[in-house]
Amino acid sequence: MIKFEQVSKTYPGGHKAIEKVSFHLQQGELAFLTGHSGAGKSTLLKLISLMERPSAGEVYINGVCLNKVTAKQVPYVRRDIGVIFQNHRLLDRYSVFDNVALPLIIAGSHRRDIEKRVHGALDKVGLLNKARCAPETLSGGEQQRVGIARAIVNSPPILLADEPTGNLDPELSVEILKLFEDFNQHGTTVLIATHDLGLIARMKYRSLTLKAGKLVVDPLMGDTL
Ligand code: ADP
Ligand code: ADP
């Protein structure tokens, strides 16, 4: 489902953000991606969502080598990948409903389909009653759930989250994590970048750990790579 083969990413200026990283995440798996700030977590997620391209090595999504994906094909590959950020980047000029509908509008979906899917997504995150509200009137946890609804509105098989609980208190963090577990139990492959080690320890999932751009611990691959 997500496969890295000897992937390196060197940013302009020569900084090596990711170095020779290899791992394989199976369809339907949920895993954490952890490591210190600057270890390369965001870069790794950006290589999956095609926001960055590797300097060396290959990234595969559903068996497709992303190196071979042209700029024109990028939006189609991205439809399979929902991305959740710490700062959910909601548009305050639009209602909660419209914020969640955005990916579908961009994809050119029909109005009736949009209504059905947005209601379904808001229902899943428990925010149906807030559809007409402006995002700024919601609490931090609710805003984060709107971001999650937007990421899952087109039912992508892959969900990536970059520090999704960074701004939330522990109780809300657990709630958000439960949502990810729920999506995962319905077949979605989930990769969550976080440095919240308490949260990771509480949930028994595979954990990929980056240290200065290198994968240091992957329980499925042995201790050191
Ligand atoms: P993390 O998400 O684990 O904090 P990042 O992937 O954001 O790590 O960053 C890894 C390293 O790459 C850091 O040293 C960071 O400064 C550097 N980096 C990230 N993005 C860029 C960029 N666009 N240009 C240059 N260096 C970058
Ligand atoms: P501090 O407690 O002073 O913040 P730590 O070393 O405990 O310093 O943690 C800093 C950050 O480094 C953590 O938030 C986490 O992102 C990362 N980190 C620390 N230890 C580990 C570890 N064993 N595995 C993965 N990430 C770690």
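**Close-up views of a predicted complex**

**View 1. Gly38 meets ligand 1 through its backbone.** In this predicted model, a backbone N or O atom of Gly38 sits 2.7 Å from an oxygen atom of ligand 1. Gly40 also takes part through its backbone, with an N or O atom 3.0 Å from a ligand 1 oxygen. Thr43 uses its side chain instead: an N or O atom there is 2.6 Å from an oxygen atom of ligand 1. On its own, ligand 1 would expose 560 Å², and the protein buries 62% of that area.

**View 2. The shell around ligand 1.** Step back a little and the surroundings of ligand 1 come into view: Tyr11, His15, Ala17, His36, Ser37, Gly38, Ala39, Gly40, Lys41, Ser42 and Thr43. Helix H1, residues 41-48, provides the largest share of this shell, with three residues. Sorted by class, the shell holds seven polar residues, three nonpolar ones and one charged residue.

**View 3. The largest pocket and its centre.** Here we turn to the largest pocket, whose volume is about 710 Å³. Its lining is made of 20 residues, and those closest to the pocket centre are Arg78, Ile81, Val83, Pro103 and Ile106. By class, 11 lining residues are nonpolar, five are polar and four are charged.

**View 4. The elements that frame the largest pocket.** Four elements each give at least two residues to the lining of the largest pocket. Three of them are helices, namely H2 (74-78), H3 (96-107) and H5 (140-152), and they are joined by strand S6 (81-85).

**View 5. The cavity lined by S6 and H5 residues.** The model has one cavity of 30 Å³ or more. This largest cavity has a volume of about 40 Å³. Around it you will find Val83, Ile84, Phe85, His88, Gln144, Gly147 and Arg150. Strand S6 and helix H5 are the elements that contribute two or more residues to this lining. The lining residues divide into three nonpolar, three polar and one charged. Val83 is worth finding in both places, as a cavity-lining residue and as one of the residues closest to the centre of the largest pocket.

**View 6. Confidence in the prediction.** A last view to keep beside the others: the protein chain has an average pLDDT of 92, and 96% of its residues score at least 70. For the complex, the predictor reports an ipTM of 0.68 and a pTM of 0.84.

Note on methods:
Residues are numbered from 1 along each chain as its sequence is written. Chains are lettered from A and ligands numbered from 1 in the order in which they are written. This is a predicted model: local features need pLDDT of at least 70, side-chain atom pairs count only at pLDDT 80 or more; totals for chains, interfaces and linings use all residues. Side-chain values use heavy atoms; hydrogens and water are left out. On a 1 Å grid over the protein atoms alone, a cavity is a set of points where a 1.4 Å probe fits but cannot get out, and a pocket is an open set with protein on both sides within 12 Å along at least five of seven lines; lining residues have an atom within 4 Å of a point. Grid points are joined across faces, edges and corners, and a volume is the space filled by probe spheres set on the points. Ala, Val, Leu, Ile, Met, Phe, Trp, Tyr, Cys and Pro count as nonpolar, Asp, Glu, Lys and Arg as charged, and the others, Gly among them, as polar. pLDDT is the predictor's confidence in each residue, from 0 to 100. A residue is near a molecule or strand if one of its heavy atoms lies within 4 Å of it. A polar contact is a pair of N or O atoms within 3.5 Å; within protein, one must be able to donate a hydrogen and the other to accept it, and residues adjacent in sequence count only if both atoms are side-chain atoms. Accessible areas come from the Shrake-Rupley method with a 1.4 Å probe; for residues, only the protein chains shown count as cover.
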